[in-house]
Amino acid sequence: MKKTNWWKESVVYQIYPRSFKDSNGDGIGDLQGIISKLDYIQELGADVVWLSPVYKSPNDDNGYDISDYRDIMDEFGTMADWEQLLQDVHERGMKLIMDLVVNHTSDEHSWFMESRSSKDSEYRDYYIWHPGTDGRPPNNWESVFSGSVWQYDEKTGEYYLHLYSTKQPDLNWENPKVREDVYDMMHFWIQKGIDGFRMDTITTLSKTPGFPDAPQVKEGPFQPATQYYINGPRLQDYLAEMKREVLSKYDLMTVGETPGATPEEALSLTDEETGVMNMLFQWEHIEADPGTGGKWGEDTWSMPEFRRAMTKWQVELESRGWNTLYLSNHDQPRQVSRFGNDGEYRGESAKMLATCLHMMKGTPFVYQGEELGMTNVAFETIEEYRCVETRNMYRAAIEAGGDHDSLMKAIHRKSRDNGRTPMHWNAEANGGFTTGTPWIGINPNYPKINAERQLGDPNSVFQYYKRLIALRREYPVIKWGTYQVILEDDPYVYSYSRVMDEQTLLVICNFSDQPRSFRWDTLHTYARKQLLIGNYNPGVELESDMTLRPYEAAVYLLQS
Ligand code: GLC
Ligand code: CA
């Protein structure tokens, strides 16, 4: 099969279906809602749609807990709706990629219900069971969603392993039957005509045998136990087999979710001959938080650390491999609140962040609402939060004597629900997301920040994204040029160049709310300078010593 690289020239739009558009007034986004908004995505210029899971699920983790891989979640519609969606996407010349969640299933999947029913069940070994040690869980690994990864199950008196919620038991990849069933399921969807997979938590499939205790130190965003299940001993075998049995037979886009991956690992996972995916979501820039205390700890984000991480990945994947470009998704807070300024400079900083990212080399991913500059939300009570990670963390922290106010502060900053409030379509009730009661509260700023308003405003964040995406199609240097950081030590201004043949692209981004100077001595060597895009009107005149306005971004095409 001849493989093409269409995914290198694509821009992906990520949909979190529950929060995108409700078509029937039950307060929950659905497939018909998505269908009704395909024009909008096309208008933006994205050509691939990634759907977060739409499979049958009891929604403990909003669809990332799947109870039937071959059926559609009732709230989202039917298989016929899904087929219509696929057809409509394809008719527009766009592509559709689906989430592949095979580290775990729901505890309501028939495999697990069988598995937990008896030690002799033929499905027992589909999951990871352990008798425990002296009446205690087998080890000290902590779940990503708080508490032990081991859940005691009365019926058979053993523990099962769940890296995520107790309702997400991990599949036992050691069992060849599990792997076969997963591959069959992948064929099922590919044969329906999908164009690829986003592979959920794909590097955690193999657990270290014997389940050794993790050291007690906690440093950085990842728990120490991850060394025993991220890139576990048999991961490469499983992925090689998945490639042999499934992926090598088709021309698909595959993108892996790989927390903690290094560029070296990325090169091996994406190697054209031996790798199993086209590209992956690295986490270094998203966790560019050198403080301790993990995800919910103090905010010590700094632009230089972010620039170091971005640059490292741009440079190390320059000649081999391929980067994803993303600042947001359904697991992360809104980027304008996190890395920009969601007050006075919301529009400017949303555009600046987009410029900084979209002029890099890789495949850009736009998460629903990002193209409007949607912001974080701050619900007053924990009851208003829906995210299982947030709720579990809060409960565990309160039990451990934590303080409500400081926990809420951390939640306002980091909860995944920041990115999961309903999409803002217009200024009508509930932002036009639903005529009913939304499943999660809507951000009260929807009358000001919404799609309808931005579609009609040439200076909107939406129109700016649209131009960035169009520029990528127009200028090969944006797709293929070599990246080089310019003022490596500047504390506020992130500048880089992209070079291809005779063309040089100069990207300058002020990450601060103050005017900042930019000085680049090499500039005089270029005879022609053309401003391609900028977030201030009129754009700044390029000079070798210039002052950038707060959150100003500008991109120039230079020719000698
Ligand atoms: C991934 C998903 C996240 C989910 C988790 C468990 O990290 O992006 O939303 O909760 O896997 O499936
Ligand atoms: Ca609905």
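In this predicted model, a polar side-chain atom of Glu257 is found 2.7 Å from an oxygen atom of ligand 1. Two aspartates make similar approaches to the ligand. For Asp61, the distance from a polar side-chain atom to a ligand 1 oxygen atom is 2.5 Å, and for Asp200 the corresponding distance is 2.8 Å. The protein covers 97% of the accessible area of ligand 1, which on its own amounts to 310 Å².

A wider look at the surroundings helps to place these contacts. Ligand 1 sits in the largest pocket, with 13 residues around it. The residues that come nearest are Asp61, Asp200, Glu257, His330 and Asp331. Sorted by class, the shell around ligand 1 holds seven charged residues, along with three polar and three nonpolar ones.

Turning from the ligand to the strands, the model also contains an open sheet of three strands, arranged in the order β6-β8-β7 with antiparallel pairing. Its edge strands are β6, spanning residues 129–130, and β7, spanning residues 150–153, and each of them pairs on one side only. In general, the strands of a sheet are joined through backbone hydrogen bonds, in either a parallel or an antiparallel manner. Here, β6 pairs with β8 (residues 158–161) in the antiparallel sense, over two bridges. A reader who wishes to find this pairing in the structure can start from His130, whose bridge partner in β8 is Tyr159.

Methods: Residues numbered from 1 in each chain as written. Chains lettered and ligands numbered in written order. Predicted model: local features only at pLDDT ≥ 70, side-chain atom pairs only at ≥ 80, totals over all residues. Heavy atoms only, no water. Near = heavy atom within 4 Å. Polar contact = N/O pair within 3.5 Å; in protein donor to acceptor, adjacent residues only side chain to side chain. Areas by Shrake-Rupley, 256 points an atom, 1.4 Å probe, with all protein chains shown as cover. 1 Å grid on protein atoms, 1.4 Å probe; cavity = no way out; pocket = protein on both sides within 12 Å on 5 of 7 lines; lining within 4 Å. Sits in = over half its atoms within 2 Å of the grid points. Nonpolar A, V, L, I, M, F, W, Y, C, P; charged D, E, K, R; others polar. Pairing = 2+ DSSP bridges. Helix = DSSP H or I, 4+ residues; strand = E, 2+ residues; numbered from the N terminus.
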